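Here is a quick briefing to read with the model open beside you. Keep the viewer handy, and click along as the residues come up.

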Amino acid sequence: CSEPVGTLTVRVPTGSLQDWVAVRDRLTGISAVRSSRLLTLDRDEARLEIRFVGDPDQLRVALAQRDLELSGADPDWVLQRRAATTPPR
């Protein structure tokens, strides 16, 4: 059976272009993420449309494995790098 494909529009707070690039690069390695499309990019944030397999909770777990944190709820989702902590081993 195939899993449902969902779409979320998320805000990515960016203090710099490097912040945005780091989030974008981490998204590319996540198997649950089918695609991500940049909608807008300005000095303070990017807006993305993410197509993913499963439900938002499954997506949140997959993102956390790449040090990304998904918070909020419809229609105001926020995706950002997780605060620096000791990486799990």
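Which residues does Val-33 touch, not counting residues up to four places away in sequence? They are Leu-27, Ile-50, Arg-51, Phe-52 and Leu-59. Before going further, bear in mind that this is a predicted model. The chain has two helices and five strands, and from the N terminus on they run β-α-β-β-α-β-β.

**Overall build**

- For 89 residues, a compact globule would have a radius of gyration near 12 Å, and the chain has 13 Å, so the two agree.
- If you box in the C-alpha atoms along the principal axes, you get roughly 40 × 35 × 20 Å.
- Of the 89 residues, 30% count as buried.
- The chain's accessible surface comes to about 5,800 Å², and carbon and sulfur atoms account for 48% of that.
- Take the contacts between residues at least 6 apart in sequence: 58% of them join residues at least 24 apart.
- There are 13 positive and 13 negative charges, and the mean positions of the two sets are 5 Å apart.

**The nonpolar core**

- The largest nonpolar core has 20 residues, and the members touching the most other members are Val-10, Leu-27, Ile-30, Ile-50, Leu-63, Leu-70 and Leu-79.
- Two or more core residues come from each of these elements: strand S1 (5–13), helix H1 (17–28), strand S3 (45–53), helix H2 (56–64), strand S4 (68–73) and strand S5 (76–81).
- S3 gives the largest share of this core, with four residues.
- Leu-63 is a good one to click on: leaving aside neighbours within four places in sequence, Leu-63 is in contact with Leu-27, Ile-30, Leu-68, Leu-70 and Leu-79.

**A walk along strand S2 (residues 33–41)**

- Back to Val-33, which is found in S2. Is Val-33 buried or exposed? Val-33 has a relative accessible area of 12%, so it is buried, the cut-off for that being under 20%.
- Val-33 and Arg-81 are 48 residues apart in sequence, and their C-alpha atoms sit 16 Å apart in space.
- Ser-35, also found in S2, counts as partly exposed at 33% relative accessibility.
- Leaving aside neighbours within four places in sequence, Ser-35 is in contact with Glu-49, Ile-50 and Arg-51.
- From Ser-35 to Thr-7 you cross 28 residues in sequence, but 9.4 Å in space, C-alpha to C-alpha.
- Ser-36 lies in S2 too and is partly exposed, with a relative accessible area of 37%.
- With residues up to four places away in sequence left out, Ser-36 touches Leu-27, Glu-49 and Ile-50.
- The C-alpha atoms of Ser-36 and Leu-48 are separated by 6.5 Å, and these two residues are twelve apart along the chain.
- Leu-38 lies in S2. At 39% relative accessibility, Leu-38 counts as partly exposed, since that class runs between the 20% and 50% cut-offs.
- Not counting residues up to four places away in sequence, Leu-38 touches Trp-20, Ala-46, Arg-47 and Leu-48.
- Leu-38 and Gly-6 are 32 residues apart in sequence, with 16 Å between their C-alpha atoms.

**Backbone oddities in the loops**

- What is the peptide bond from Asp-74 to Pro-75? This bond is cis, with omega near -5°.
- Pro-75 lies in the loop between S4 and S5.
- Asp-67 has a phi near 60°, a positive value in a residue other than glycine.
- You'll find Asp-67 in the loop between H2 and S4, where Asp-67 is partly exposed with a relative accessible area of 35%.
- Why flag these two spots? Most residues other than glycine have a negative phi, and most peptide bonds are trans.

Definitions and conventions
Residues numbered from 1 in each chain as written. Predicted model: local features only at pLDDT ≥ 70, side-chain atom pairs only at ≥ 80, totals over all residues. Heavy atoms only, no water. Rg over C-alpha atoms; globule rule 2.2 N^0.38 Å. Buried < 20%, exposed > 50% of the residue type's maximum accessible area, 1.4 Å probe, protein only. Contact = heavy atoms within 4.5 Å. Areas by Shrake-Rupley, 256 points an atom, 1.4 Å probe, with all protein chains shown as cover. Lys, Arg positive; Asp, Glu negative; His and termini not counted. Charge placed at Lys NZ, Arg CZ, Asp CG, Glu CD. Core = buried A, V, L, I, M, F, W, Y, C linked by side-chain atoms within 4.5 Å.
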